[in-house]
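Here is a briefing on the empty space in a protein model and on the ligands placed in it. Look over the sequence and the structure first.

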Amino acid sequence: MTIGKALTIAGSDSGGGAGIQADLKTFQELDVYGMSVITAVTSQNTLGVHGVYPVPIEGVISQLDAIAEDLSPDAVKTGMLFNQEIIQIVSNKVQKHGWEKIVVDPVMIAKGGHPLLEESAINALINDLIPLSFIVTPNIPEAEAITGIEIKSFDDRKEAAKKICQMGAKHVIIKGGHQPSGSEIIDLLFDGHDFYEFKGNYVNTKHTHGTGCTFSAALTAELAKGKDVIEAVKTAKEFIHLAVENALGIGGGHGPTNHWAYKRNLAASK
Ligand SMILES: Nc1ncnc2c1ncn2[C@@H]1O[C@H](COP(=O)(O)OP(=O)(O)O)[C@@H](O)[C@H]1O
Ligand SMILES: Cc1ncc(COP(=O)(O)OP(=O)(O)O)c(N)n1
């Protein structure tokens, strides 16, 4: 049996709803073998981020090299990279090891407002990492920070998507969670030529901690299995929709999504 292998390069969320933990849970549920390079440890729960502790750069390099030596990933996602030095090392290693299918989730700020990327690192993200990406998955504030375009309308989103592809990304999907369109959330994919809309009902809940991580991890898992980008986005959208709709109600703040829901739903429909 051949099994897809997916690597996440991201921060640890002690609360288990976002970051490395969300990614590995998602990989497991989508039947790919999950691996991780931890860039920073966060003390975090559903109420917010209490502390950020970056891993020393030698530790990041050593994890990347250990994976490369023995376990070539079929797809790689980046999440919280925290600073310019880590972004540059990750970009160098991605090139050196010839890793393709790079999903860049440009994590910048946690839901509660805590920064997860130093402001001085945004240029490194744009100049070093985005040009290597197969797909970039910003939410609306991240797309604004990357492009300098204020996004108020769908046309603004399209303009921002074009600009991110001009930076070298093969695809970009600007997620719509921060700007529901009536009763729907539309995620907008651009492949450099055409736009595609992925629609889902807006779920009225405060339990959305880790939605971005979970969505991009699902996308990475599907790419690791060899799915094309449209199929991969479709599955990722379905996965996150069910995870939000069936949220666990854990914790006193923004609770985690339900990483079991997609597979349980699939099993129930058979
Ligand atoms: N309340 C919600 N109901 C349904 N889907 C949601 C909801 N919030 C976010 N999503 C989905 O979760 C994913 C992440 O969305 P978004 O909130 O835009 O990004 P982030 O979590 O990175 O801030 C997207 O696919 C979006 O459609
Ligand atoms: C360690 C870590 N990485 C990323 C995030 C941000 O996750 P995201 O999926 O964008 O969700 P919210 O912050 O909006 O819940 C994080 N919080 N921690």
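**Cavity, pockets and ligands**

The largest cavity is lined by Thr78, Gly79, Leu81, Ile87, Val104, Asp105, Pro106, Val107, Leu117, Leu125 and Leu129. Ligand 1 sits in the largest pocket, and ligand 2 sits in the largest pocket as well. This is a predicted model, in which local features need pLDDT of at least 70, side-chain atom pairs count only at pLDDT 80 or more, and totals for chains, interfaces and linings use all residues. Residues are numbered from 1 along each chain as its sequence is written, chains are lettered from A and ligands numbered from 1 in the order in which they are written, and side-chain values use heavy atoms, with hydrogens and water left out.

**How the space is found**

- Rolling a probe the size of a water molecule over the atoms shows where empty space is left.
- The search uses a 1 Å grid over the protein atoms alone; a cavity is a set of points where a 1.4 Å probe fits but cannot get out.
- A pocket is an open set with protein on both sides within 12 Å along at least five of seven lines, and lining residues have an atom within 4 Å of a point.
- Grid points are joined across faces, edges and corners, and a volume is the space filled by probe spheres set on the points.

**Cavity**

- The structure holds 1 cavity of 30 Å³ or more.
- The largest cavity encloses about 40 Å³.
- Its lining divides into 8 nonpolar, 2 polar and 1 charged residues (nonpolar: Ala, Val, Leu, Ile, Met, Phe, Trp, Tyr, Cys and Pro; charged: Asp, Glu, Lys and Arg; polar: the others, Gly among them).

**Largest pocket**

- The largest pocket holds about 1200 Å³ of space.
- It is lined by 49 residues, and Lys111, Asn139, His178, Thr211 and Gly212 are the closest to its centre.
- Two or more lining residues come from each of β1, β2 (33-45), α5 (140-147), β8, β9 (195-201), α7 and α8 (DSSP runs numbered from the N terminus: helices are H or I, at least four residues, and strands are E, at least two).
- By class, this lining has 20 nonpolar, 19 polar and 10 charged residues.
- A molecule sits in a pocket if more than half of its atoms lie within 2 Å of the pocket's grid points.

**Ligand 1**

- Ligand 1 is surrounded by 17 residues, the closest being Lys175, His178, Asp187, Thr211 and Lys237 (a residue is near if one of its heavy atoms lies within 4 Å).
- Side-chain N or O atoms lie 2.8 Å from a ligand 1 oxygen at Lys175 and 2.7 Å at His178.
- For Thr211, a polar side-chain atom is 2.6 Å from an oxygen atom of ligand 1 (a polar contact is a pair of N or O atoms within 3.5 Å).
- On its own, ligand 1 has 540 Å² of accessible area, and the protein covers 93% of it (Shrake-Rupley method, 1.4 Å probe).
- β8 (184-190), α7 and α8 (229-245) each supply at least two residues of the ligand 1 shell.
- That shell has 6 nonpolar, 7 polar and 4 charged residues.

**Ligand 2**

- Around ligand 2 there are 16 residues, with Gln44, Lys111, His209, Gly210 and Cys213 the closest.
- The His209 side chain places an N or O atom 2.9 Å from an oxygen atom of ligand 2.
- Backbone atoms take part too: a polar one of Cys213 is 2.8 Å from a ligand 2 oxygen, and an N or O atom of Gly212 is 3.0 Å from one.
- Taken alone, ligand 2 exposes 430 Å², of which the protein buries 95%.
- β1 (5-13) and α7 (211-224) are the elements that give two or more residues to this shell, and α7 gives the most, with 3 residues.
- The ligand 2 shell has 6 nonpolar, 9 polar and 1 charged residues.

**Second largest pocket**

- The second largest pocket holds about 190 Å³ of space.
- Its lining includes Gly15, Gly16, Gly17, Lys25, Leu248 and Trp260.
- By class, the lining has 4 nonpolar, 6 polar and 2 charged residues.

Key: A polar contact is a pair of N or O atoms within 3.5 Å; within protein, one must be able to donate a hydrogen and the other to accept it, and residues adjacent in sequence count only if both atoms are side-chain atoms.
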